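Biologist: Got a minute? I'd like to walk through this model with you.

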Amino acid sequence: MRAVMAKTPRLELAAPAIPGTPLLELKGISKTFPGVKALDDVSFAVWPGEVHMLLGENGAGKSSLMKVLCGAYQADAGEYFHAGAPVEIRSPADARRLGIAVIFQEFSLVPYLDVAQNIFLGREFPSKIPGLVDRRRLYREAKAVLDRIGLDVDPRTKVHTLGVAQQQMVEIAKALSQDARILVMDEPTAALSDRETERLFEVMRQLQAKGVAIVYISHRMAEVFALGDRITVLRDGKLVGRALPGETTPDELVRMMVGRNVDMTYPRRFATEPGEVVLEVTGLCAKNGIADITLKLRAGEIVGLCGLVGSGRTEVARAIFGADEVTAGEIRLFGKPKTGGPDVAAFAGVGLIPESRKTEGLALIRTVSDNLAVAGLPKLFPNMMFSPGKARRSAEELIKRLRIATPSPNQSVAVLSGGNQQKVVIGKWLAAGTRLFIFDEPTRGIDVGAKSEIFALIDQLVADGAAVLMISSEQAEIVHVCDRAYVMRAKRIVGELGRADLSEENIVRMGMHDE
Amino acid sequence: MLKLTKMLATALPAALLSTAALADGETIAVFTKNQTNPYFQTVRVGADVAAKSLGAKVVHYIPTKPDSIPEQLSQIEDVIVKKPSAIVFVPVDYKAMVPGVEQINDAKIPVVNVTDRSAGGKFLAFVGADDYSLGLETARYLLKTMGGKGNVVILEGVKGSLTNIDRVRGFNDAIKEFKDVKLLASQPGNYQRLQGLQVMENLMQSHPQIDGVLAANDAMAIGAIEALDGANRKAQVIGINGTKEAVDAIKSGKLLASGDYNGFVQGCIGTMVAIRALRNEAIVGEVVLKPTVVNASNYKPYDVPLDARTCPTWEEAAAMATKTPTKTN
Amino acid sequence: MSDQALSSAPARLRIPAVPGVAVALAGLAVLFSALSPGFLTAGNLSNILVQSVILLLLALPMTLIIMTEGLDLSMGAVLTLASLVLALIVVSTQSLVLGLAGALGVGLAFGLVNGWLVSVLSIPPFVATLGTMGAAQGLALIVSDGQSVVGIPRFIRQVYSGEVAGIPTPILIGAGFYALFHVLLYHTRFGTYICALGGNRDALTLAGVKWKRLLIAAYMLGGAMAGVAALLMTARMNSGHPTAAIGMEFDAIAAVALGGTSFEKGNGWIFGTLMGVLTVGVLRNGLNLLAVPSSVQVACIGALVIFALFLDGMRSHKS
Amino acid sequence: MSVAGDISTGAPRLHLSQDMQQLLYRLLAAGLLCVALSIATDAFFTTNNILNVLRQASLLFFLASGLTLVILTGGLDLSVGANIGLSACLAATVIKATGSPVLGTLTGLTAGCAVGICNGLMVAKLRIPSFIATYGMLWVLHGITYYYMAGETIHGFPPGFRQIGSGYFLGIPIPVYLMVGFLVAGTLFAQRTVWGQQIYAIGANPVAARLTGIPVDRRLILVYAFSGAMAGVASIVFLARLNSAEGDIGEAMTLPAIAAVLIGGASLFGGVGSVFGTFVGALILTLVLNGMNLLAVNASWQPLVTGVIVIFAVWLDMVGRRRS
């Protein structure tokens, strides 16, 4: 099959690439929202048994296309063909009938229903007694699906007790359980550990072999080239190109996505000489499980905190910031011992940029300037009197300085792209005069274009004498950006890597669980 | 949490005492409508005083939600479990409480009906006042003082309550007797002070000249007076119940008069009847207290703190009797 | 938070850890049995059950409505109105069926309006039902002109005071509806969707479920149960009264919350509601038996509610 | 992704100019009411009656303004009515005992504030849902008050003190001045102080607020304390107006107060609302009552009318929101 495809010329548009009609084909799809043209005459086709990579920056139209595919949105214009025959997709039910299943990034799970109920939500099995649900069958079938993806949880477990990764796997199980012919995945590996990711890829290969078509959205170039059979790139709601992995390069794809040249090298100049010690943690233990954490951080340094997902990195960050209760050990900030909650830490000049921006970093229903001001309030208005004018001015200044793309400071922050939202979170700490920044997965869910901007920003911070503690699952980031890195395993720090021996191999070896 | 412990601290000893008390002498369970209306406090104190004088024990049952029908029904059911010697009963609603009374009858617990005449059930006796003639007399007193002419408004009590229906009927009949008296409006104040005040304020907006106010209870009357003062307007106001604050208002000349419902005496006699019945002494079948209009000339006897008052002797009580006992067993 | 979430130990269900309401119920039972001889008698226990039924009938649907992140403040008033309508119909037609039909009709109608306001006009449930509460109260006064409705035929009385096989009818009715709601919540699609309505509406939309109808259905269920409760209430009072059940919705909400159902994320528990209702019933009954002053009773109820929720808070905070 | 497009989960807090639009929609509702009433009865549109309405609205507003802050944080305070009862009775006792209105007033305010702090501690520290914590508090307060008052009333206060409630200055009732004062103060506090901004932030997203270094617990305790204190203020004005205290005064005021806040455009999900909006809400409710008395509407119809108008006002507000 590969062989055949390899012949197909790049950027050819209409004609089918391989013998046989596409499993699903969308022609000239358009979708407009008040003010925005989310999809503009996009054509898109998937063939059985292929992994079709869908690329594009946030807001390029990927998710809109997904929602059109699964019937959550109705396209304003365009035709659908299923196995060559024209069809309608007006509702999720239609999509399901066509065998289309979607794995969303924001979970579509119900916290207080159990795993089985979630997997078969809306498709419960009727029991012999009319009106009732056949629970025995429900759990039997659920167990089967879970086994298929090798997720070892009791189908009677309430979903809210599961970790994010496990929830992600349940999402996948949910989609698989529909015996989908077409499976759409939106960054499914974002929250997965390496092992789980492997497991997922395995499952995908099995499906492929069964002739299932997979539409795969990702920001990770590695995945694109490892999995993709075919690549489609969107920008600003338009189709900007199709490509085959064998015949393109990451840089080329990035250019298509961003529409300009972006250097993917991490802009880091290790000029700054480490200054005085900013953070000194000794023998720190906390309620959240971390034990005996000892680390040191100097002004003008970027120090990585790496390890597998679940090794306790976020917990360390939260403990230092005072969000989780400390049970033993000492934290010294700028030479002075620090106790108390986030308010103390924040006032002392520590800023946390949490992993889940939307739920922990921003007040989505408030405006950009509100969000930019909120951390700096005590600093900006020492006499406790708030002045909208002053707040607005400082907001405008930050928007300029951080190049936050927003029509106005009074824009609701919810509508900004991931990258710009991240900048707002950073900006709120700048306004607070923060000197120690703790980044938790700073580039998660941020598109390529914005990534390098964020790193440039981080570099600027340290250049200006701030200190940065950075958590990341992407070893490449750690390696390229950090001066030093601590590696964690099972809630403890298992080693420190200096500039010299800071390599992906070392990180993985140190962080790997020995079973 | 502190509050919890504090509450229990006060509650449990009291409770234990009361259960202990069941051992000696008779226990009279006294049911009243709510904890908030001062009138029922006078009934309760009356009962307490009478019981003390006769060496019996009184336990009070009051709905935690004012005038709650389901709650009083539940309380009856609970009390029946405890089998008190006798019950003195003020029904929250004279119709809706009938099933409760029947349960008491089935449990063979002697019960005296006080204040509102129950629409059903067997009672040793009824002790109350005649709301109608009370309303009538008090209204007449006001209208006479007004020289039989002028504009008046009525502040009604809670719609559907027996007391309110009869009192307002009394008011209206009195007004009919004076053809030069004009009834401007009859609006509900639900026996509430604030509502009495606000309704009066609003009525004053639409009626430039109001000479008399007939309020179905004292709280509303006082509220109305405040409204009048606030607007620097004068009008003669009457209330009903003869509560302490009403008496004070009469003393200070703000309130013209208050029809005396005399809950204290009702409590006394009701309890006396219950206890005497238990002791197989002669009782009366019905006492309907004559309406007295408390005013500047006769308020003295009412100007005494409740617990300092004394119940009428049985002879005095018997003299007020309007019916001989209907045999119940 | 991924690190944390992942590290959270294998599935922990919320039931096993002893909920506050169970502690409160058990504690009170022991306390009262010790203090009051009359408490632990068959007669009194059935007495407690009978008294709790009407509240239970409201608390059951209230649980579902709260699980949809909603609230129904109109229930008490609707019960009252339904009770009056039932009384009026029965008095004039002497027919229980017609009367019950009328009561259910009233309930369903108000449920429909509530549901429509909440799901279609998306008016916050608190306000929407606050408004309909006023409407129902008003109508109650209008149809009855503020008077009690009497002359209820005997057979209605029987509904409350009757017995089947030595068990008081109200207990049977209560048990029946409890079972019904248990099945409804845990063994039908509707129950699953109720939980999802509060937990994640998008999930329903994506699953192709028309959730607005379900939301309306939930409120109509509440109205219907108010109608059923109206029958018992009328039978109990042997009359209809325009203020009979005012404020009962808050007792119901308190009982539901007491039972450990949360106002968020569709986290509800029907058995908890049963315990919540019984706890309130036991407390009131016990305090009456002990002849605790009414004012102190009031305070105890408040303290109990806080106490039970405090325990739950501690528990959920630990896990 | 709000595929479901569920508006009820708190419409976005809009910036000032749009907030203004919102207020206009609410004022429109109030305006419609006034026009309707002035047509219906000429007794309505008179200086006296306007002042009368304002004075009647003041009590409700005092209660609702404190409540607004609580609701801004996504909480609810059901105990305000019961709080009035207790604070008033305590204040009354002190005035009677010492003859000093000042001491009495202080007592009332302190009592109210203390109750508020208890609520705050329960919500912030014990993590009890505010709805339940304050509902329990409501019963506890009633209990204490009934126990303490034993069905008695305390009445007859010094004329000087009475001025607070029934006095006039330049022909305008004192309570109206107080109301305007608290309206300005409240608006300034919410819109123009760091604490006010933090309160909005907490309501909008408590988790983010905490991780942004806002001392959430302390702010929560603060707003409940405010709410309690405002109940104290209301209780004092109440005493001064009615010249007497009973256990159950204010009992009937809790729901109207909440209604006023919600009609004022606040969201129970927090982060949305304004003190001025609440003022309009209180005004609307009072106008309805006043109008029904002026037109001598039959008592039976009054709850019905109120209910319908509450729903209509909020619906109008939602429409306005969706517009912008």
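Modeller: Sure. It's a predicted model, mind you. Let's start in chain C: helix α4(C) passes helix α6(C) in a left-handed crossing.

Biologist: Which residues of α4(C) and α6(C) meet there?

Modeller: From α4(C), the list is C:A77, C:V78, C:T80, C:L81, C:L84, C:V85 and C:L88. They meet C:M133, C:A136, C:Q137, C:L139, C:A140, C:V143 and C:S144 of α6(C). By type, this contact of α4(C) with α6(C) has 11 nonpolar residues, three polar and no charged.

Biologist: At what angle do the axes of α4 and α6 of chain C cross?

Modeller: Roughly 25°, and the axes come within 8 Å. Angles under 35 degrees count as roughly parallel, so α4(C) is roughly parallel to α6(C).

Biologist: Switching topic. How many residues do chain A and chain C each put into their contact?

Modeller: Chain A gives 40 residues and chain C gives 29 residues. On the side of chain A, α3 (92–97), α6 (164–176) and α10 (313–321) each supply at least two residues. That side of chain A divides into 18 nonpolar, 14 polar and eight charged residues.

Biologist: Now strands. What does β11 of chain A pair with?

Modeller: β11 (residues 277–286) pairs with β12 (residues 293–298) of chain A, antiparallel, over five bridges. β11(A) also pairs with β14 (residues 326–333) of chain A, again antiparallel, over six bridges.

Biologist: Which residues stand opposite A:V281 and A:L279?

Modeller: A:V281 has A:L295 in β12(A) as its bridge partner. A:L279 stands opposite A:L333 in β14(A).

Biologist: And what lies between β11(A) and β12(A)?

Modeller: Six residues, in a hairpin. In the turn, A:G289 has a positive phi of about 110°.

Technical notes. Residues numbered from 1 in each chain as written. Chains lettered and ligands numbered in written order. Predicted model: local features only at pLDDT ≥ 70, side-chain atom pairs only at ≥ 80, totals over all residues. Axes fitted to C-alpha atoms, helices over the stretch in contact; angles between N-to-C directions. Helix = DSSP H or I, 4+ residues; strand = E, 2+ residues; numbered from the N terminus. Parallel < 35°, antiparallel > 145°, perpendicular 65-115°, else oblique. Left-handed = near helix turned anticlockwise from the far one by under 90°. Contact = placed C-beta atoms within 7 Å. Nonpolar A, V, L, I, M, F, W, Y, C, P; charged D, E, K, R; others polar. Pairing = 2+ DSSP bridges.
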